[in-house]
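Here are some short exercises to work through with the model open beside you. Try each task before you read its solution.

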Amino acid sequence: MLFRSAASLNKYLQSWQLIPNLKLIANNAAFLNQIPQAQQDFIYKKLLESVINSFVRSLNQRHYLRFTLLVPNIYNIRQVNFLQRTVRELLQSDFKGVEVGVISESDAAFLGALGNINVQPNHYYIIVDCGKGTTDFSVVEVDAQTQCKTTYRNGFAGAGNLITFSFLESLLHFLQDFPGASSESKAMFKERIIEPMFRSEEH
């Protein structure tokens, strides 16, 4: 999400809650195997309940609500169904009616880009959604009538800062091993690029 000013960012942060990244937990089998399924579901439900209760207070509860969950491609069917069912249960007592749908994050990225790209019939499009927690990708087929259909989805835990740091670390190693690179250029690269990125993550 992009913000036009620091004021708009602060307003957003005051209105919404930041929660732990559930995507990474969901894909960490070694961690999850130590926790019984009932307790896993309880943790997820409490986190969702905390966010939704804050969200509901800002809405007119006399209306019908359509709620769409963007889910990473690393979630299995059980995890998606659990999230969908839990959100519906948490919301249904507060509105006249609630519809809870789900959509893949990479599919949603394609839909969001439709207004900015010229989609051609009989073409395939590869969409890569690289966020902070996961990298999700879809292959979308556009038929002769320009109807869109996702033919493949996949993804993995790790994205955004992980990929950026890996790239810059590789580049730094290259500079260190490159015979023509001076010690001054290596130091400048580290001081002006690598270290500021780590400082920004700490804040």
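**Exercise 1. Place Ala109 and find what it touches away from its own stretch of chain.**

Start with the address: Ala109 sits in helix H6, residues 105–113 (helices are DSSP runs of H or I with at least four residues, strands are E runs with at least two, all numbered from the N terminus). Before going on, note that this is a predicted model, where local features need pLDDT of at least 70, side-chain atom pairs count only at pLDDT 80 or more, and totals for chains, interfaces and linings use all residues. Residues are numbered from 1 along each chain as its sequence is written, and side-chain values use heavy atoms, with hydrogens and water left out.

Next, skip the neighbours within four places in sequence: Ala109 is then in contact with Ile127 and Asp129 (contact means heavy atoms within 4.5 Å). Now check the backbone: the C-alpha atoms of Ala109 and Asp129 are 6.6 Å apart, although 20 residues separate them along the chain.

**Exercise 2. Work out how E3 is joined to E4.**

First get the direction: E3 (residues 123–130) and E4 (residues 134–142) run antiparallel, with eight bridges between them (strands pair if DSSP finds at least two bridges). Then pick a rung: Tyr125 is opposite Val140 in E4. Finally, trace the connection, a hairpin of three residues leading from E3 to E4.

**Exercise 3. Find the cap on H5.**

Go to the N-terminal end of H5, which covers residues 77–91. There Asn76 does the capping, with a side-chain oxygen 3.1 Å from the backbone nitrogen of Arg78.

Note on methods:
Expected span 1.5 Å × (residues − 1). Polar contact = N/O pair within 3.5 Å; in protein donor to acceptor, adjacent residues only side chain to side chain.
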